[in-house]
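Student: I have a model on screen and want to read its aromatic pairs and charged surface. Where do I start?

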Amino acid sequence: MAGPYLVREIGEGAWLDVLALYGHSDNTVDPLGLYEDEFETSRYMIRANLTGQWQWGELQVRPSASVAHFEETQDAYVDSLGITIPEQTIAIGRFEAGPELSYRYHRANGGWWEPSIAVTGVWDYNPASLMDVDGLLVETGDLRADARLGLRAELAPGAIIDVRAEFSGLGQGDFEANALRAELRLSFH
C-alpha cells in the first residue's frame, strides 16, 4: 500500500495527521492441498488523528480522537475445479476518542515519577470478528471503553523505565484483551 501522508500543527499544542493508502496484491491459495489458485485483491485505508498536548505546571493533558477505515476487495475468479468464487469485500471501521492525564513528581535527589491514566471510548462502526484461542469467533462489539494505567520514571540520568497496563473491552461482555508492557531506556553519552 502506498499513498500520501500529512502532519500539520493546527493550533498551539494541537496536531492533525491524515493518511490515505491504496494497494493491490496477487495471491495464491491452496485450499485442499491438491492445487493452487490465484486471485487479486485491491485495498485502501484512510486514517485521521487529532491530538493535543497541553501542560499546566506538572499536569499534562493529551486528548485525542481518531477515525480509521480499511476495506479490501477480492476479485471474483474460477478455481481449478471450475467453481466460481464470487467477489468478496471486507471492511473495518473505528472511531475512538479520549484523554490521557499524567502528573510528574520530581524527586529530591534528581529524576522524576510520572503516573498516568487514559480512558478511550471506542466505536467500531464496522466491527471486526476476531478468532480466540479455541478457534471461535469473538465480536469486539460496537461500543466499548479501553483504559491504560502507566508509570514512567527517570531512575538515574539517562535511565527511564516505562510500565503500562492496558485493558480493552470495558463494558463489552464478549470481548476482553489485557496487556502489560515494560520498557527500559538507557542513554549512553
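Tutor: We take the aromatic pairs, then a charged patch.

Tutor: This is a predicted model, where local features need pLDDT of at least 70, side-chain atom pairs count only at pLDDT 80 or more, and totals for chains, interfaces and linings use all residues. Residues are numbered from 1 along each chain as its sequence is written, and side-chain values use heavy atoms, with hydrogens and water left out.

Student: How many aromatic pairs does the structure hold?

Tutor: Rings of Phe, Tyr and Trp (its six-membered ring) pair if their centres lie within 6.5 Å; planes under 30 degrees apart are stacked, over 60 edge-to-face, the rest tilted. Here there are 3 aromatic pairs. One of them is Phe39 with Tyr77: the centres are 5.3 Å apart and the planes at 10°, so this pair is stacked.

Student: Which parts does the Phe39 and Tyr77 pair tie together?

Tutor: Phe39 sits in strand 3 and Tyr77 in strand 7 (residues 77-78), so parts 38 residues apart in sequence are tied together. Strands are DSSP runs of E, at least two residues, numbered from the N terminus.

Student: Are Phe39 and Tyr77 buried or exposed?

Tutor: Buried means under 20% relative accessible area, exposed over 50%, partly exposed in between (1.4 Å probe, protein chains only). Both Phe39 and Tyr77 are buried. Tyr103 and Tyr105 form a tilted pair, 4.8 Å centre to centre with 55° between planes. Tyr103 is partly exposed at 35%, and Tyr105 is partly exposed at 47%.

Student: Where does Asp30 lie?

Tutor: Asp30 lies in the loop between strand 2 (14-29) and strand 3 (37-52). Its relative accessible area is 40%, so Asp30 is partly exposed.

Note on methods:
Helices (H or I, at least four residues) and strands (E, at least two) are DSSP runs, numbered from the N terminus.
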